[in-house]
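Reader: Could you walk me through the labels used for this model? I would like to see each one set against its cut-offs.

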Amino acid sequence: MIINAIILLTMSGLFFLIRLEFSCEKIVLFLVPVILASVMIFFATVNIKDKNKEIENRMETIIKDNKMLKQEIEILKQTK
């Protein structure tokens, strides 16, 4: 999503520079893709933060399970 937003910004910026006329209509037509791309980048970063939290939670559970398995192995070694 971030890559699409960057491409949208680049393309709209290039077309704005090609048709370099400063009229209100041209500026509004340039601002629409810029606002859209900004919204896309915002939602993409929020989504990435949520995914990172989910991955961190999974890692914590795996580490806890790993510690429990190590303890069980030690107990089994001591009983033999």
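Author: Gladly! Buried means under 20% relative accessible area, exposed means over 50%, and partly exposed is in between, with a 1.4 Å probe and protein chains only. This is a predicted model, where local features need pLDDT of at least 70 and side-chain atom pairs count only at pLDDT 80 or more, while totals for chains, interfaces and linings use all residues. Residues are numbered from 1 along each chain as its sequence is written, and side-chain values use heavy atoms, with hydrogens and water left out.

Reader: Thanks! Why is lysine 53 called exposed?

Author: Its relative accessible area is 53%, so lysine 53 counts as exposed. Lysine 53 lies in helix α2, helices being DSSP runs of H or I with at least four residues, numbered from the N terminus.

Reader: And what makes serine 12 buried?

Author: Serine 12 has 12% relative accessibility, and therefore counts as buried. Serine 12 belongs to helix α1 and, leaving aside its neighbours within four places in sequence, is in contact with Phe30 and Pro33. Contact here means heavy atoms within 4.5 Å.

Reader: What about isoleucine 3, buried or exposed?

Author: Isoleucine 3 is exposed, because its relative accessible area is 61%. This residue is also in helix α1, and its C-alpha is 9.9 Å from that of alanine 44, although the two are 41 residues apart in sequence.

Reader: How do you know how α1 runs relative to α2?

Author: The axes of α1 (residues 2-18) and α2 (residues 24-79) come within 8 Å and cross at roughly 165°. That makes α1 roughly antiparallel to α2, since angles over 145 degrees get that name (under 35 is roughly parallel, 65 to 115 roughly perpendicular, the rest oblique). The crossing of α1 past α2 is left-handed.

Reader: Which classes of residue make up the contact of α1 with α2?

Author: There are 15 nonpolar, 4 polar and 1 charged residues. Among them are Leu8, Leu9 and Phe16 of α1, and Phe30, Met40 and Ile41 of α2. In α2, Pro33, Ala37 and Ala44 are buried, and what covers the buried residues of α2 includes α1.

Reader: What span does α2 reach, and what is expected?

Author: With 56 residues, α2 reaches 83 Å from its first C-alpha to its last, close to the 82 Å expected at 1.5 Å a residue. The expected span is 1.5 Å times one less than the number of residues.

Key
Axes fitted to C-alpha atoms, helices over the stretch in contact; angles between N-to-C directions. Helix = DSSP H or I, 4+ residues; strand = E, 2+ residues; numbered from the N terminus. Left-handed = near helix turned anticlockwise from the far one by under 90°. Nonpolar A, V, L, I, M, F, W, Y, C, P; charged D, E, K, R; others polar.
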